[in-house]
Amino acid sequence: MDKNCHLNYPDWRLFALLGLLGSSFEPLIKERTFMTEKFNIAEKFALFTEHWRPKVVASLNGQELKIVKVLGEFPWHTHESEDELFIVWRGRFRVEFRDRLVELSEGEAIVVPHGMEHRTAADTECEILCFEPAETRNTGNIEDDHYTAPNAVRI
Ligand code: NI
């Protein structure tokens, strides 16, 4: 047998050291492994029914991908420093600005720049993907008993 197949004393010390390092980085390793697991957006939407309650499905670079079901009209609001990207996953969606209205169908998307007052709406239930900085309040500069949703709700 090739003698190189056997580990001698210094090799075992090296392995022990790597083991220690591995255990101290375990949370980071687990988090990074979790990030690489695939997820199915339609299946995520099937897990809840409420409207205007965003759920986080991914986090990266300080931003979050949220999914949300919407129906009816959301209150007018502004985000002081966050731009919001909306992508229509299913149904028809409307983004209203004070001077115009944008209607979006499945597969269409829009960026709402920070500082621009807007209201989102849907006449029939639709499903939206939203990409924005983590901790962005859904109602921006206003607080509403019914519409302001808790942040960081993972699904
Ligand atoms: Ni907004």
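Two residues are in contact here if their C-beta atoms, placed from the backbone, lie within 7 Å. Keep that cut-off in mind for the tour of this predicted model.

**Stop 1: the whole chain**

Colour by secondary structure. The protein has three helices and seven strands. Along the sequence the order is α-α-α-β-β-β-β-β-β-β. Of the 155 residues, 17% count as buried. Among contacts between residues at least 6 apart in sequence, 66% join residues at least 24 apart.

**Stop 2: Phe74**

Select phenylalanine 74, in the loop between β2 and β3. Is Phe74 buried or exposed? Phe74 counts as buried because 21 C-beta neighbours lie inside 10 Å; the cut-off for buried is 20 or more. Now show its contacts, leaving aside neighbours within four places in sequence. They are Trp52, Arg119, Thr120, Ala121 and Tyr147. Draw a distance to valine 95 as well. The two residues are 21 apart in sequence, and their C-alpha atoms are 9.8 Å apart in space.

**Stop 3: Trp52**

From Phe74, step across to its contact Trp52. Tryptophan 52 sits in the loop between α3 (41-45) and β1 (55-60). Check the backbone: phi is near 60°, a positive value in a residue other than glycine. Trp52 has 19 C-beta neighbours inside 10 Å, so it counts as partly exposed.

**Stop 4: β1, β2 and the turn**

Move on to β1 and β2. These strands run antiparallel, joined by five bridges. Select alanine 58 and find leucine 65 opposite, in β2. The two strands form a hairpin with two residues between them. Stop at asparagine 61 in the turn, where phi is positive, about 55°.

**Stop 5: β2 against β7**

Keep β2 on screen and add β7. How many bridges join β2 to β7? There are 10, and the strands run antiparallel. For one of the pairings, select lysine 66; its bridge partner in β7 is cysteine 130.

**Stop 6: β4 and its two partners**

Select strand β4 (residues 93-97) and strand β5 (residues 101-104). Four bridges join β4 to β5, and the two run antiparallel. Valine 95, the far end of the distance drawn from Phe74, has valine 102 in β5 as its bridge partner. Three residues separate β4 and β5 in this hairpin. β4 also pairs with β7, again antiparallel, over four bridges. There, arginine 94 is the bridge partner of alanine 121 in β7. Ala121 is also among the contacts of Phe74.

**Stop 7: the largest nonpolar core**

Select Phe45, Ile67, Val68, Val70, Phe86, Val88, Phe93, Leu104, Ala122, Cys126, Ile128 and Cys130. These 12 residues make up the largest nonpolar core. β2 (63-73), β3 (84-90) and β7 (118-133) each supply at least two of its residues. Which element gives the largest share? β7 does, with four residues.

Now isolate phenylalanine 86, one of the core residues. Leaving aside neighbours within four places in sequence, its contacts are Phe93, Val95, Ala109, Ile110, Ile128 and Cys130. Val95 was the bridge partner of valine 102 at the previous stop. Cys130 was the partner of lysine 66.

**Stop 8: Glu135**

Finish in the segment after β7, at glutamate 135. Glu135 has a positive phi of about 75°, although it is not a glycine. Is Glu135 buried or exposed? Glu135 is exposed, because 10 other C-beta atoms lie within 10 Å and the cut-off for exposed is 12 or fewer.

Key:
Residues are numbered from 1 along each chain as its sequence is written. This is a predicted model: local features need pLDDT of at least 70, side-chain atom pairs count only at pLDDT 80 or more; totals for chains, interfaces and linings use all residues. A nonpolar core is a set of buried Ala, Val, Leu, Ile, Met, Phe, Trp, Tyr and Cys residues joined through C-beta atoms within 7 Å. Two strands pair if DSSP finds at least two bridges between them.
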